[in-house]
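Trainee: Got a few minutes to go through this model with me? I'd like to start with one loop and then move on to the rest.

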Amino acid sequence: MEVEAMEIALVFWAESQPTGQLQELKSYGLRACQFGIPSEFDCTTSADVWKKAFESEGVYVTSAVCAFAGEDYANLEQVHKTVGFTAPGFAGARIDRTKQVSVFASALGLTALSCHIGFIPDDCESPLYTELLTIARELCDVCASHGQAFVLETGQESAPTLLRFLNDVQRPNIKVNFDPANMVLYGSGDPLQALALLQEHVLSVHCKDGLPPSYAGKLGQEVALGEGKVDFPGFLALLKQMNYRGLLAIEREEPNAVKRAEDIRLGIERLLAWKKSVL
Ligand code: MG
C-alpha cells in the first residue's frame, strides 16, 4: 500500500486489541499512522494480531514509536531525571526494551523505530555525551540488523547540538523525527530554523503545536494545531521545498479523550487548509 507524500496521519498508542483503534483512525478519514508502543505493551505475543489488523483495515504504518516505563514529562527537572537514556538508572532496561520493540516492529515489517533518547549535552567533551553516542550506535546497529532506521525525536536540545550528535554517531541509519512543537515546549530554538539545519536527516515529522514555558524550569503547554507558536504554513512550505516525502503525523497528547478527538479533527481540517494554501 502506498500513501501520498505529506499525507496526514496520526500517532496513536497501541492497546491490546487493534480493531477499535484502527476504526477510530479511519473515523478521522485517515489511513496512515505511526504506531506508538507503550512501555506496558506485550511485544512478545501481539505482532501477528496487529499485522493482520493493519492489513485487513488497509492502514499504512511507517514506524514504531517507543516509550519507556518511568518517563515523567511533568516539568523540566522531571524530564531531565526520567526521560531517555541519560536518566540515571534507566539506560540498561531501556536499551533492552528498545531492542525488543525493534524485533516486534520488524515482525510488522516496519522500517523505522523512534524514541526520545534524552537531553543531548551541548558539551561534546562530557562523559554523558560519549555515553549517549555509544548507546545510539548500539541501537542503530540493532535496528540496522532489522532493516530499520533508528530515529531521534527532536526538541530537547538545540538543533546545532543534535546535528553534531547525528554526525558523531556515524551510522547511516540514524535519522530524525522532527517535532516542531518540542522546540517551543522546551525553549530549544526556532522550529523552522531547526528544520532547515537538520533537513537532510529528517525521515518523518510530527504535527504538534505548543506554547512556550511561562518561566524557566517549566515546560511549555501542548495545544491544538494552530493555537500555538508553530508557523504551520511556513513549516509545510519548508517541507515541500525540502522535497519531503513522508507523512504529516498529528501527535496530540491530551488526556481527555473527547477533547483529544476534537483537537485531532480540528488539526486535520487546518492541515488540509494549510496544505491547500501552501503546496
Ligand atoms: Mg513528538
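**A loop, some cores and two helix pairs**

Mentor: Happy to. Glycine 246 is in the loop between H9 and E10. Keep in mind that this is a predicted model.

Trainee: Is glycine 246 buried or exposed?

Mentor: Glycine 246 counts as buried, because its relative accessibility is 19% and the cut-off for buried is under 20%.

Trainee: Which residues does glycine 246 touch, leaving out those up to four places away in sequence?

Mentor: Glu4, Ala5, Met6 and Glu7. There is also a C-alpha to C-alpha distance of 8.8 Å between glycine 246 and valine 3, although 243 residues separate the two in sequence.

Trainee: What about asparagine 243, where is that found?

Mentor: Asparagine 243 is in the loop between helix H9 (232-241) and strand E10 (248-250). Its phi is positive, near 60°, and it is a residue other than glycine.

Trainee: And is asparagine 243 buried or exposed?

Mentor: Exposed: asparagine 243 has a relative accessible area of 51%, and exposed means over 50%.

Trainee: Which loop holds glutamine 170?

Mentor: The one between H6 and strand E6 (174-178). Glutamine 170 is not a glycine, yet it has a positive phi of about 55°. Glutamine 170 is exposed, with 60% relative accessible area.

Trainee: Switching to the inside now. How many residues are in the largest nonpolar core?

Mentor: The largest nonpolar core has 79 residues. Among those with the most contacts inside it are Phe35, Phe54, Phe165 and Leu239. Helix H5 (residues 127-145) gives the largest share of this core, with eight residues.

Trainee: Let's pick phenylalanine 165. What does it touch, again skipping residues up to four places away in sequence?

Mentor: Phenylalanine 165 is in contact with Ile117, Ile120, Tyr129, Leu132, Leu133, Ala136 and Leu152.

Trainee: Which residues does the second core include?

Mentor: That core is separate and has seven residues, including Val11, Ala32, Val65 and Ala249.

Trainee: OK, helices next. How do people describe a packed pair?

Mentor: By the angle between the two axes and the distance between them.

Trainee: So where do H6 and H8 come out?

Mentor: The axes of helix H6 (residues 159-169) and helix H8 (residues 191-198) cross at roughly 20° and come within 9 Å. H6 and H8 are therefore roughly parallel to each other, since angles under 35 degrees count that way. The crossing of H6 past H8 is right-handed.

Trainee: Which residues meet there?

Mentor: H6 brings Ala159, Pro160, Leu162, Leu163 and Leu166, and H8 brings Ala194, Leu197 and Leu198. By class, the contact of H6 with H8 has eight nonpolar residues, no polar and no charged ones.

Trainee: And at what angle do H4 and H5 pack?

Mentor: At about 20°, with the axes of helix H4 (residues 91-107) and H5 10 Å apart. H4 and H5 are therefore roughly parallel to each other too, and H4 passes H5 in a right-handed crossing.

Trainee: Which residues make that contact?

Mentor: From H4, Ala91, Ile95, Thr98, Lys99 and Ser102, and from H5, Ile135, Glu138, Leu139, Val142 and Cys143.

Trainee: How do the residues of the contact of H4 with H5 divide?

Mentor: Into six nonpolar, two polar and two charged residues. For comparison, the contact of H6 with H8 has no polar and no charged residues.

Technical notes: Residues are numbered from 1 along each chain as its sequence is written. This is a predicted model: local features need pLDDT of at least 70, side-chain atom pairs count only at pLDDT 80 or more; totals for chains, interfaces and linings use all residues. Side-chain values use heavy atoms; hydrogens and water are left out. A nonpolar core is a set of buried Ala, Val, Leu, Ile, Met, Phe, Trp, Tyr and Cys residues joined through side-chain atoms within 4.5 Å. Buried means under 20% relative accessible area, exposed over 50%, partly exposed in between (1.4 Å probe, protein chains only). Helices (H or I, at least four residues) and strands (E, at least two) are DSSP runs, numbered from the N terminus. Contact means heavy atoms within 4.5 Å. Axes are lines fitted to C-alpha atoms, for helices over the stretch in contact, and angles run from 0 to 180 degrees between N-to-C directions. Angles under 35 degrees count as roughly parallel, over 145 as roughly antiparallel, 65 to 115 as roughly perpendicular and the rest as oblique. A crossing is left-handed if the near helix is turned anticlockwise from the far one by less than a right angle, and right-handed if clockwise. Ala, Val, Leu, Ile, Met, Phe, Trp, Tyr, Cys and Pro count as nonpolar, Asp, Glu, Lys and Arg as charged, and the others, Gly among them, as polar.
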